[in-house]
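User: I have a model open and want to go through it with you. Can you start with the parts I should be careful about?

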Amino acid sequence: PTSVFVTGELTDGLGRTVEIPETVEKVVSLTAANTEIVYALGAGDLLVGADAYSDYPEEANDLPRMGDYAGPNVELIAAAEADVVLASTKLQQDAIEKMEALGLNVVCVEPTGLDELYEGIVLIAAVVGADPAPQIQGEEDIPWQEEQHTPVEEKQEDVPVAPTSPSSSSKPQSTVSSAPSSSPASSAPAA
């Protein structure tokens with residue numbers, strides 16, 4: 001990592017203002033995506049713990065486990081004495097509140113779209129003191145970007161429509177009934 005680009009207050013993925021220490025030497029990541037971003041930024045050596053699902057890159061498997069995505073272990077996280085904890089914006093709210101009550105610096109980052117991914121990279125880069133440019137440089141030229149984001153309507157144009165039979169109707173037909181029928185024929189005894 002290079003020198004810290006941002007110290008002081010940042011806005012995280014939950015829209016909260018969070019305080020970033022002047023020097024970040026230890027980081028815990030509670031999502032696999034954030035762990036990958038930290039490594040991609042060249043700051044993997046700062047990680048002192050990760051969630052159970054952080055398995056990429058390979059060296060992430062050697063990190064102490066701090067619980068899983070849906071159940072971070074607050075005691076283990078506090079014992080790691082991290083300068084910053086990278087948490088999720090979903091499912092971890094109770095743990096976030098407990099960590100903050102213990103005085104831990106928690107930054108929530110969980111991109112759900114391509115634009116948020118770039119914002120997340122920049123935010124994590126600011127936290128770990130890395131340059132995000134190599135990770136997002138030329139984002140408009142990503143070869144798979146347009147292919148992956150083709151609108152559903154365009155993809156549907158090439159899907160053949162199944163023929164309908166003349167006997168089909170818009171009313172659903174049921175072959176098995178779970179409720180007894182009230183028709184007279186069904187109440188007649190079998191002969």
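User: What does pLDDT do over residues 1–5?
Analyst: Over residues 1–5 pLDDT (the predictor's confidence in each residue, from 0 to 100) stays under 50. The model has 16 contacts beyond four places in sequence for that stretch, a contact meaning heavy atoms within 4.5 Å. Residues 139–152 also stay under 50, with 10 such contacts. Where pLDDT is low, the predicted coordinates should not be read in detail.

User: And the chain overall, what is its mean pLDDT?
Analyst: The mean is 78, and 67% of the residues reach 70 or more. This is a predicted model, so local features need pLDDT of at least 70 and side-chain atom pairs count only at 80 or more, while totals for chains, interfaces and linings use all residues. Residues are numbered from 1 along each chain as its sequence is written, and side-chain values use heavy atoms, with hydrogens and water left out.

User: How many helices and strands are there?
Analyst: Eight helices and eight strands. They are DSSP runs numbered from the N terminus: helices are H or I with at least four residues, strands are E with at least two.

User: How do β1 and β2 pair?
Analyst: Strand β1 (residues 8–11) pairs with β2 in the antiparallel sense over four bridges; pairing requires at least two DSSP bridges between the strands. T11 stands opposite T17 in β2. The two strands form a hairpin with five residues between them, and G15 in the turn has a positive phi of about 80 degrees.

User: Which side chains of β2 are buried?
Analyst: V18 and I20, which point to one face. T17 and E19 point to the other face and are not buried. Buried means under 20% relative accessible area, exposed over 50%, and partly exposed in between, with a 1.4 Å probe and protein chains only.

User: Switching to charges. How many salt bridges does a search of the whole structure find?
Analyst: Two, counting a side-chain nitrogen of Lys or Arg within 4 Å of a carboxyl oxygen of Asp or Glu. D12 bridges to R16, with the closest N and O atoms 2.7 Å apart. R16 also bridges to E100, where the closest N and O atoms are 2.3 Å apart. That pair links distant parts of the chain: R16 is in the loop between β1 and β2, E100 is in helix α3 (residues 93–101), and they are 84 residues apart. D12, R16 and E100 are thus linked in a network of salt bridges.

User: Is D12 buried or exposed?
Analyst: D12 counts as buried because its relative accessibility is 6%. R16, at 21%, counts as partly exposed, and E100 at 35% is partly exposed as well.

User: OK, helix α1. What do its buried residues pack against?
Analyst: They pack against β3 (27–29), β4 (47–50), β7 (84–87) and α4 (114–128). In α1 (residues 32–40) the buried residues are N34, T35, I37, V38 and Y39. Just after the helix, G42 takes a positive phi of about 80 degrees.

User: Which residues touch the most other members of the largest nonpolar core?
Analyst: L41, L86, V107, I124, V127 and V128, out of 27 residues. A nonpolar core here is a set of buried Ala, Val, Leu, Ile, Met, Phe, Trp, Tyr and Cys residues joined through side-chain atoms within 4.5 Å. The elements giving two or more residues to this core are β2, α1, β4, β7 and α4. Helix α4 gives the most, with seven residues. Apart from this core lies another of 15 residues, among them M66, A82, A95 and M99.
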